[in-house]
Amino acid sequence: MATLDTLFPFKRHFITLGGHKLHYVHEKPAGINGQRPDAVVMVHGNPSWSFYYRNLVQALSDQYECVVPDHIGCGLSDKPGDDAYDYTLAQRIDDLEALLDSLDIRSNITLVLHDWGGMIGMGYAARYPERIKRLVLLNTAAFGLPKSKPLPLALKICRDTALGTLLVRGFNAFSSAASYVGVKRAPMAADVRRAYVAPFNSWQNRISTLRFVQDIPLKPGDRNWDLVQSIDASLQQFTQVPTIILWGLKDFVFDQHFLEGWQQRLPQAELHAFADCGHYILEDASDEVIAHIRRFIAETALAKSADEQTSNPEENALAEITPAGSAD
């Protein structure tokens, strides 16, 4: 049976933010000189961690610089108490910004977003729209709960009741349940399921799992309501950005209502919906989803290159006939 190191064979990197260690994966092509490759930044949600993107990193890191953080409280990052860390959306966006700035990643970013990672990633994108080159959306959101969809009962219990706190922090109900109901094509392998839940192995280490749910704003006055509204409003800036949506239609939270929300906001997006897949689309349909992402990035890179070639044909023609290294 595979170990975590076998399933997740990446060097561990850490950055200290506010006194807490944030773990991240940072894989990139070896031996590339000259122009820096595009960065593919993968942002996970709740109750997962960077492990969710392990197969995608292995598929892309031969050509692209892949960065995958574990949010504070998740995965291999520190898990401080409420007295030491503010478990809220604005802080998550600040953390992502600090990490990318520390790596000098400020342009040509492809965001890959899942679950609450959509809100965090698009919160960053709203601050720096000029840095975003592509969007890859996987059962996620960057806007509030659609009016047509009630908050699922399981989330309501976790968000608003003492019973929810006991279930999530005492029995790891959220992370454990997600490893079962989040896949639909076939049950998650036992070693993979253990890897998903391993970081959330005590009351203290499950704090982020609960705080993520409690951080969901449902009405004006809720903390994050205004921030979520502003992120939603910012999406109009990205209607010309190449976007692909890969969606498991059997997700009981990020369902057809959320998918339609994306289609309304980003009508240019290429869509691939999987009728037999659930929330963990990268587990249910890993090979198919990864193939679509690889193709999408490659094709949009070619399209960008073609646009640049045709933007100034006289200049390009001159460049073709001017010997390399010649002076003006």
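**Salt bridges, a one-sided helix and a pocket**

The side chains of Glu299 and Arg295 come together in a salt bridge, 3.0 Å from N to O. What's the sequence relationship here? The two residues sit four apart in helix α13 (residues 286-311), so about one helical turn separates them. That spacing fits a general rule: an α-helix has 3.6 residues a turn, so residues three or four places apart point the same way. Both ends of this bridge are partly exposed, with Glu299 at 43% relative accessibility and Arg295 at 26%. Keep in mind as you look around that this is a predicted model.

Searching the whole structure turns up 23 salt bridges. Another one to pull up is Glu283 with Arg54, where the closest N and O atoms are 2.7 Å apart. This pair ties together distant parts of the chain: Glu283 belongs to helix α12 and Arg54 to helix α2, 229 residues apart. Are these two buried or exposed? Glu283 has a relative accessible area of 19%, and because the cut-off for buried is under 20%, it counts as buried. Arg54 is buried too, with a relative accessible area of 4%.

Next, try Asp160 and Arg159, which form a salt bridge with the closest N and O atoms 2.8 Å apart. Here Asp160 is partly exposed, at 40% relative accessible area, while Arg159 counts as buried at 16%. There's a wider arrangement around them: Lys156, Arg159, Asp160, Lys219 and Asp222 are linked in a network of salt bridges.

Now swing over to helix α8 (residues 190-197), where Asp191, Val192, Ala195 and Tyr196 are buried. These four cover an arc of only 145° around the axis, so they lie on the same side of α8. What do they pack against? The buried residues of α8 pack against α1 (4-7), α2 (54-60), α7 and α12 (281-284). Helices α2 and α12 are the ones that hold Arg54 and Glu283.

Helix α7 also leads us to the largest pocket, since α7 gives the largest share of its lining, five residues. The volume of this pocket is about 660 Å³. It is lined by 38 residues, and those closest to its centre are Asp115, Leu155, Phe174, Phe252 and Val253. The elements that contribute two or more lining residues are α5 (153-160), α6 (162-171), α7 (173-181) and α9 (207-214). As for chemistry, the lining divides into 30 nonpolar, four polar and four charged residues.

How values were computed
Residues numbered from 1 in each chain as written. Predicted model: local features only at pLDDT ≥ 70, side-chain atom pairs only at ≥ 80, totals over all residues. Heavy atoms only, no water. 1 Å grid on protein atoms, 1.4 Å probe; cavity = no way out; pocket = protein on both sides within 12 Å on 5 of 7 lines; lining within 4 Å. Points joined across faces, edges and corners; volume = space filled by probe spheres on them. Nonpolar A, V, L, I, M, F, W, Y, C, P; charged D, E, K, R; others polar. Buried < 20%, exposed > 50% of the residue type's maximum accessible area, 1.4 Å probe, protein only. Arc of directions from axis to C-beta. Contact = heavy atoms within 4.5 Å. Salt bridge = Lys/Arg side-chain N within 4 Å of Asp/Glu carboxyl O.
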